[in-house]
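User: I'm new to this one and would like a quick tour. Can you take my questions one at a time?

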Amino acid sequence: MQEDTISAVATAVGEGGIGVVRLSGKNALNVAARLFQSSTQKDIERSIKSQIYYGHIVDPKDNSLVDEVLLLVMKAPHSYTREDVVEIQCHGGSVVLRRILGLTLRSGARLAEPGEFTKRAFLNGRLDLTQAEAVIDIIRAKTDASLKMAIGHLEGELAGKINQLRGRILEMIAQLEATIDFPEENIEELPAESVNASLQKIVDEIESLLSTSAAGRILQDGLQTVIIGKPNVGKSSLLNALLRENRAIVTDVPGTTRDSIEEFVNLRGIPLRIVDTAGIRDTSDEVEKIGVDRSRAFVERADLVLVLLDASQPLSQEDHQVLSLLADRKAIILINKSDLPEKLVRDELAGYVGERQIITISVAAGLGLDVLEQCIAEMVFQGSVGVSEGAFINNVRQENILRLALQNLMEAKNTIVAGLPADFQVIDLRSAWEKLGELSGETVSEDIINEIFSRFCIGK
Ligand code: GDP
């Protein structure tokens, strides 16, 4: 258990029905007892079990009343951090919260660092690192699908998978070591094929986990999507149609959407971060130029580019400029305004299509948008992995660790193929076992732990 007692406002900034000041540590009850007057004269420091008390926070300096509160006492180890935790539920105003926080700091607690409550939960063994990461993922979840993934992680889906893989590797190490350490006992050496086969199974499972990483990261951070096209082609209308609300300015005057707007769209559970850009074209207008440059920059950073063309006009020089921005980016070509007579010659697109899908839509008439949504969903899940299926890899840290562990396992396989003695396999297997331990946090350095928790907010 950590020595000091920490305190922080756990609820979001701003006005709310209630606000919570959270304390955790050995002296949590003592700190709270200095400030809290129970309406039934209960001595909360004597609490032997978790309990809720009703009463008031009183400034000990002058006995002035600060707020009417509920006090939630959670005795170690039955708390979020596994330490004694007290949550003071007061009214949700920033002055009252700050005042109560200040009183806890004057009474023996220190201000918690970002993520320190969850860090303590990790250090005290209540959560492993994948579960701790899931806490922040839950807070930041953008769609039901991202929430589902994060909850799965919090419930230990990924942790369980990793532990199981580590267990199997450890078992192989033990068997191999037995043949090395006790050659006189005639322990039967494991046949190379059987070691190889067990290894291959683990390799397959890690590869299958890795194959979820693209979708996992998209569910977590959103699919960075950019809508490009010449002025008046329907970019803002498309964004609005996807948002089903009119936040961007839709106008008939070319080039009015000059700045870019980023919005989140929930597309079949996939959070799309859509950037709506100004028309891309060469111009002497300074403001417009910024729009053009930004569009180019957005295309470079985008996971997916939606290119809009106007079915009712022949392909123009501007369209060619827009299409040439695509280079090798993942893109869908959308032919909009299909409700109007078609003047666009589709053959002229040949040079830009390649593997890309062309979808005919009419934002005005609401045609083809379901096809677009289906196409994006298939791109993200690549037809195979759905959100409901098991553990996901959803951050770069997890992905890198798995890749390195995979490398160790491949090296172990190579030593078998090369006919090298078991010692060599043990070395590689041990490295893989340790690497995977970094995922759960068992074999991870303090720097990495600090880095992970520094991304949390204060009070979590
Ligand atoms: P942006 O400059 O690319 O953002 O284009 P806007 O979204 O502002 O649309 C320009 C004009 O085209 C507006 O008057 C829209 O109502 C119209 N428009 C957008 N989509 C369609 C469509 O599918 N069919 C028709 N006929 N008009 C459309």
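Analyst: Sure, and keep in mind that this is a predicted model. One place to start is Arg217, which has a relative accessibility of 33% and so counts as partly exposed.

User: Which residue meets the side chain of Arg217 in a salt bridge?

Analyst: Arg217 lies in helix H8 (residues 213-221), and its partner lies in helix H14, so the pair ties together parts that are 182 residues apart in sequence. The N to O distance is 2.6 Å. The partner is Glu399.

User: Is Glu399 buried or exposed?

Analyst: Buried means under 20% relative accessible area. Glu399 comes in at 11%, so the label is buried.

User: Which residue forms a salt bridge with Arg106?

Analyst: Arg106 sits in helix H2 (residues 94-106), and the other half of the pair is in strand S4 (residues 51-59), 47 residues apart. That partner counts as buried, at 4% relative accessibility. With the closest N and O atoms 3.0 Å apart, the partner of Arg106 is Asp59.

User: Where does the largest nonpolar core lie?

Analyst: This core has 33 residues, and Leu238 and Leu306 are among those with the most contacts inside it. Helix H13 (residues 369-381) gives the largest share, 7 residues. Two domains both contribute residues, so the core lies between domain 2 (132-212 + 392-453) and domain 3 (222-381).

User: Which helices do the buried residues of H16 pack against?

Analyst: The buried residues here are Ile449, Ile452 and Phe453. They cover an arc of only 90° around the axis, which puts them on the same side of H16. They pack against helix H3 (116-123), helix H4 (129-140) and helix H14 (396-417).

How values were computed: Residues are numbered from 1 along each chain as its sequence is written. This is a predicted model: local features need pLDDT of at least 70, side-chain atom pairs count only at pLDDT 80 or more; totals for chains, interfaces and linings use all residues. Side-chain values use heavy atoms; hydrogens and water are left out. A nonpolar core is a set of buried Ala, Val, Leu, Ile, Met, Phe, Trp, Tyr and Cys residues joined through side-chain atoms within 4.5 Å. Buried means under 20% relative accessible area, exposed over 50%, partly exposed in between (1.4 Å probe, protein chains only). Helices (H or I, at least four residues) and strands (E, at least two) are DSSP runs, numbered from the N terminus. Domain bounds come from an automatic or database domain assignment. The arc is that of the directions from the helix axis to the C-beta atoms. Contact means heavy atoms within 4.5 Å. A salt bridge is a side-chain nitrogen of Lys or Arg within 4 Å of a carboxyl oxygen of Asp or Glu.
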